[in-house]
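Please go through the model below with attention to its cysteines and to one acidic side chain. The paragraphs after it take these in turn.

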Amino acid sequence: MVTTQEFLGKKDFIINNQTVSESCPSNIALIKYWGKYDNQIPANPSISYTLNHCKTNTTVEFLADEPFSVQTFLSGNEEIKFAEKIEKYFNNIEQYLPWILQGKYIIRTENTFPHSSGIASSASGFGAIAKCLMQLDEFFSGKDSEEESLRKASFLARLGSGSACRSLYNGLVVWGESQVKGSSDLFAVQYPNDEIHDVFKNFNDWVLLIHEGQKSVSSTVGHGLMNTNPYAERRFLEARENFEPMKEILRNGDMHGFIKLVEHEALTLHAMMMMSDPAFILMKTGTLEVINKVWDFRRITGLPLFFTLDAGANVHLLFPNDLEQNKIEDFINQELLPFTQKNGVVKDVMRF
Ligand code: DP6
């Protein structure tokens, strides 16, 4: 079993001024991570699709031998709060990158999706930063193999934001010890492509922006509330158990089973929020209207349009690329767009 020992940094390094750039996509979970232990250890395994267009592009300028400090810019605007978060993060990972506190950082970052969209920018954001750090590490401490470097980037991204560790890989990605070969609580692994039916490899994710702006409860606070949620243990067990049917569904292309499981996971996530103390609800009226419309549409047409949710009000509409796709797209444009705040929709596809 891989332990944190594997990721300890090399003590002999030589630093110099460097500028590196990286890009990292966001991801959307199908079996959700909700609840964690110390050091970002997930309470249950999760699996996600990596997106294609929703990305963060990041440039890190490292000025060697200047006192440690971090300055961050999001789309050209200085972000003090984000810099404080990154400073804390860098302090946290020094044992894995022993040079990290020995310079000044100017970090410029931009998302290809609207900032206020509620699409998880922490996943793509920490993914991109972790990749930049691994590039710097290669300059300062020498090269590891591509595979080792990616795995360490996933390990480091997790310490920034749990779901970020899944963004380092394409396709379907698993984080957390589970029946999936090689899976770990410390980093994510790619779900084996040859165990995924073709129907799940060509998928759309259209994100309806039901509510743009700050969420009332952050994911971090939400995870924390699982510590006192009386249903938490059952939920952790269920997520783990859900890997069994998920593996089978992915192998045999059972679209009906996939839809049922993915929607169940999304609703369970929000049910957990409602059963927290204090309770909170991140769905809005529009979220529920869209869910009901999707169910009606499916009942009437039998077409495979379904949804998942992350920790917010926006609805991720999932549907395969196939002959009937136009009918689904027309329905979304005509019937579902009116429930968004400003006709906001981000059209993405899964990245395989
Ligand atoms: C609902 O990864 O954002 O999107 O580890 O505290 O940064 P932190 O939380 P985060 O939580 C994501 C929760 C989720 C489900 C998921 O992506 O699996």
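Is cysteine 54 buried or exposed? The model is a predicted one, and in it cysteine 54 has a relative accessibility of 1%. Cysteine 54 therefore counts as buried, because buried means under 20% relative accessible area.

Which disulfides does the structure hold? The number is zero. Cysteine 54 is in no disulfide, and the nearest cysteine sulfur, that of cysteine 24, lies 12 Å away. A disulfide is a covalent bond that joins the sulfur atoms of two cysteines. The cut-off used for such a pair is 2.5 Å between the sulfur atoms.

Cysteine 165 can be treated in the same manner. The closest cysteine sulfur to that of cysteine 165 is again in cysteine 24, at 11 Å, which is too far for a bond. With a relative accessible area of 0%, cysteine 165 is buried.

The acidic side chain is that of glutamate 263, a residue of helix α7, which covers residues 255–274. Glutamate 263 has a relative accessibility of 5% and so counts as buried.

What does the side chain of glutamate 263 make polar contacts with? One partner is the side chain of tryptophan 295, at 2.8 Å. Another is the side chain of arginine 298, at 2.7 Å. Leaving aside residues up to four places away in sequence, glutamate 263 touches Val294, Trp295, Arg298, Phe306 and Phe307. Both polar partners, Trp295 and Arg298, are thus found among the residues that glutamate 263 touches.

Conventions. Residues are numbered from 1 along each chain as its sequence is written. This is a predicted model: local features need pLDDT of at least 70, side-chain atom pairs count only at pLDDT 80 or more; totals for chains, interfaces and linings use all residues. Side-chain values use heavy atoms; hydrogens and water are left out. Helices (H or I, at least four residues) and strands (E, at least two) are DSSP runs, numbered from the N terminus. Buried means under 20% relative accessible area, exposed over 50%, partly exposed in between (1.4 Å probe, protein chains only). A polar contact is a pair of N or O atoms within 3.5 Å; within protein, one must be able to donate a hydrogen and the other to accept it, and residues adjacent in sequence count only if both atoms are side-chain atoms. Contact means heavy atoms within 4.5 Å.
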